[in-house]
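Subject: Structure for you to look at

Dear colleague,

I am handing over the structure we spoke about, with the sequence alongside. Please open it before reading on, and keep it in view while you go through my notes.

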Amino acid sequence: MEPLLNALPWVAGGLFLVLLLAVLRRPLSWLGRLAARTGVGLGVLYVLSWAGGALGLHLGVNLTNALVLGVLGAPGFGLLVALEWMLAV
């Protein structure tokens, strides 16, 4: 009887974790896609900063710009370039 009582909190915790993952499956999937797209945006910013001198673009490689690129895509890139151009003048 004693081993069963010792295992009860682990079983209850495991069931709670399975239930929590089932409930949060869609939001966690959304956050995973956002993290992947932000990572791609960060890579694009890094490549652009490397080759930006020849193109005349100087966008900062930071999380905010990467999130804009990850969420908005190509229109976000245009937005960042226009914002950089407006603030530089």
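What follows is a short account of the helices, their contacts and a few single residues. Please bear in mind throughout that this is a predicted model.

I began with the core. The largest nonpolar core consists of seven residues, namely Leu45, Leu48, Leu57, Leu59, Ala66, Leu69 and Leu80, and the elements that contribute two or more residues to this core are helix 2 (25-55) and helix 3 (63-72). As a general background, nonpolar side chains in soluble globular proteins tend to be buried together.

Helix 3 is the element on which I spent some time. Its buried residues are Asn65, Ala66, Leu69 and Gly70, and because they cover an arc of only 135 degrees around the axis, they lie on the same side of helix 3. The face turned away from that buried side carries the exposed residues Leu63, Thr64 and Val71, while the buried residues themselves pack against helix 2 and helix 4 (74-88). At the N-terminal end, helix 3 is capped by Asn62, which has a side-chain oxygen 3.4 Å from the backbone nitrogen of Thr64; after the helix comes Gly73, with a positive phi near 75 degrees.

Two contacts link helix 2 and helix 3 in detail. Ala66, leaving out residues up to four places away in sequence, touches Thr38, Gly41, Leu42 and Leu45. Thr38, which is found in helix 2, has a relative accessible area of 9% and therefore counts as buried, the cut-off being under 20%. With the sequence neighbours up to four places away again set aside, Thr38 touches Leu63, Ala66, Leu67 and Gly70.

On the other side of the account stands helix 4. The axes of helix 3 and helix 4 come within 6 Å and cross at roughly 140 degrees, and the residues that meet are Asn65, Val68, Leu69 and Leu72 in helix 3 and Ala74, Pro75, Gly76, Phe77, Leu79 and Leu80 in helix 4. By class, this contact of helix 3 with helix 4 has eight nonpolar residues, two polar residues and no charged ones.

Asn65 deserves a separate look: is this residue of helix 3 buried or exposed? At 13% relative accessibility, Asn65 counts as buried, and a polar atom of its side chain lies 2.8 Å from the backbone oxygen of Gly60. Apart from neighbours within four places in sequence, Asn65 is in contact with Leu45, Leu59, Gly60 and Leu80, of which Leu45, Leu59 and Leu80 also belong to the largest nonpolar core.

Helix 1 (residues 2-23) is the remaining topic. The axes of helix 1 and helix 2 come within 4 Å and cross at roughly 65 degrees, with the contact made by Leu21, Ala22 and Val23 of helix 1 and by Arg25, Pro27 and Leu28 of helix 2. Five of the residues in this contact are nonpolar, none is polar and one is charged. Further back in helix 1 is Phe16, which is exposed, with a relative accessible area of 54%. The C-alpha atoms of Phe16 and Gly53, which are 37 residues apart along the chain, are separated by 53 Å.

With best regards

Terms used
Residues numbered from 1 in each chain as written. Predicted model: local features only at pLDDT ≥ 70, side-chain atom pairs only at ≥ 80, totals over all residues. Heavy atoms only, no water. Core = buried A, V, L, I, M, F, W, Y, C linked by side-chain atoms within 4.5 Å. Buried < 20%, exposed > 50% of the residue type's maximum accessible area, 1.4 Å probe, protein only. Contact = heavy atoms within 4.5 Å. Axes fitted to C-alpha atoms, helices over the stretch in contact; angles between N-to-C directions. Nonpolar A, V, L, I, M, F, W, Y, C, P; charged D, E, K, R; others polar. Arc of directions from axis to C-beta. Polar contact = N/O pair within 3.5 Å; in protein donor to acceptor, adjacent residues only side chain to side chain.
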